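Open the model in your viewer and keep the selection panel at hand. The stops below go from the sheet to a helix and then to the pockets.

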Amino acid sequence: MKLSFKTFAVAIGSLTTIYFVKKNQSQKIDGLKQRIEVLSDHFQLLNHWLEVKNEGKSIATYFEEMGYYHIAIYGMAELANRLSEELSESSIYIDYGIDRDICCSIARIDKVYFPDDNLPEIDAIIVTPYSSFESIKTILAEKVNCPIISLEEVIWSI
């Protein structure tokens, strides 16, 4: 059986299309798996945070014990807002926030800086997008001379 060039070209084109469709689907599945993992981590963190609150404990205790009375929060999304709410009635003062996308943040903090800005001195920076903590810490460590701590570390240490 002899295949024509046209039939061969159509077959190669079809196989190439199938390959790229499968590759794209695989990338989407990998992205969804990663998102599920992040959301699962958020659930575990928030669940522990609620347990701590139900036991009458506060995150403020962690900062007080460490001597961090003036802090900045990196990442101006939901977790930053929860942290800000929890600390609002405490002796811990949030001097400012830091975010790559100030325009789209949902921050309830008045002063928000870009990571590249000159950042005022504070006692510590708390990173709320803890799944990206290492890369954020690397960037901030070049700019500040204070501890850079993951929110995850704070919550799980109480």
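Two strands count as paired if DSSP finds at least two bridges between them. Helices (H or I, at least four residues) and strands (E, at least two) are DSSP runs, numbered from the N terminus. This is a predicted model, in which local features need pLDDT of at least 70 and side-chain atom pairs count only at pLDDT 80 or more, while totals for chains, interfaces and linings use all residues. Residues are numbered from 1 along each chain as its sequence is written, and side-chain values use heavy atoms, with hydrogens and water left out.

**Stop 1: the sheet**

Select the strands. There are 5 of them, forming an open sheet with parallel pairing, in the order β3-β2-β1-β4-β5. β3 (112–113) and β5 (148–150) are at the edges with a single partner strand each, so one side of each has no neighbour in the sheet.

**Stop 2: β1 and its partners**

Select residues 70–74, strand β1. How many of its 5 residues are buried? The count is 4, so by the definition of buried (under 20% relative accessible area, against over 50% for exposed and partly exposed in between, with a 1.4 Å probe and protein chains only) the strand is mostly covered.

Add residues 93–98, strand β2, which runs parallel to β1 and is joined to it by 5 bridges. Three opposed pairs can be picked out here: Ile71 with Ile94, Ala72 with Tyr96, and Tyr74 with Ile98. Between β1 and β2 the chain passes through helix α3 (residues 78–87), and this β-α-β crossover is right-handed. To check the hand, point the strands away from you: right-handed means that the path from the first strand over the helix to the second runs clockwise.

Now add residues 124–127, strand β4, which pairs with β1 in the parallel sense over 4 bridges. Ala124 in β4 is the bridge partner of Ile71.

**Stop 3: Ala72**

Select Ala72, in strand β1. Its relative accessible area is 0%, so Ala72 is buried. Show contacts (heavy atoms within 4.5 Å). Leaving aside neighbours within four places in sequence, Ala72 is in contact with Tyr96, Ile98, Ile122, Ala124, Ile125 and Ile126. For a distance check, draw a line between the C-alpha atoms of Ala72 and Tyr113: they are 41 residues apart along the chain and separated by 9.9 Å.

**Stop 4: β2 towards the edge**

Return to β2, which is mostly covered, with 5 of its 6 residues buried. It is joined to β3 by 2 bridges, and the two run parallel. Gly97 stands opposite Val112 in β3.

**Stop 5: helix α3 and Glu86**

Select α3. Of its 10 residues, 7 are buried: Leu79, Ala80, Asn81, Leu83, Ser84, Glu86 and Leu87. Is Glu86 buried or exposed? At 13% relative accessibility, Glu86 counts as buried. Not counting residues up to four places away in sequence, Glu86 touches Trp49, Lys53, Lys57, Ser58 and Ile59.

**Stop 6: the largest pocket**

Rolling a probe the size of a water molecule over the atoms shows where empty space is left. The search uses a 1 Å grid over the protein atoms alone: a cavity is a set of points where a 1.4 Å probe fits but cannot get out, whereas a pocket is an open set with protein on both sides within 12 Å along at least five of seven lines, and lining residues have an atom within 4 Å of a point. Grid points are joined across faces, edges and corners, and a volume is the space filled by probe spheres set on the points.

The largest pocket has a volume of about 570 Å³. Select Gly75, Met76, Ala77, Thr128 and Pro129, the closest to its centre among 24 lining residues. α1 (5–54), α3 and α4 (133–141) each supply at least two residues of this lining, and α1 gives the most, with 5. The lining divides into 13 nonpolar, 6 polar and 5 charged residues. Here Ala, Val, Leu, Ile, Met, Phe, Trp, Tyr, Cys and Pro count as nonpolar, Asp, Glu, Lys and Arg as charged, and the others, Gly among them, as polar.

**Stop 7: the second largest pocket**

This pocket has a volume of about 220 Å³. Select Tyr93, Ile94, Arg108, Ile109 and Asp110, which lie nearest its centre among 13 lining residues. The largest share of the lining, 4 residues, comes from β2. The lining of the second largest pocket holds 6 nonpolar, 3 polar and 4 charged residues.
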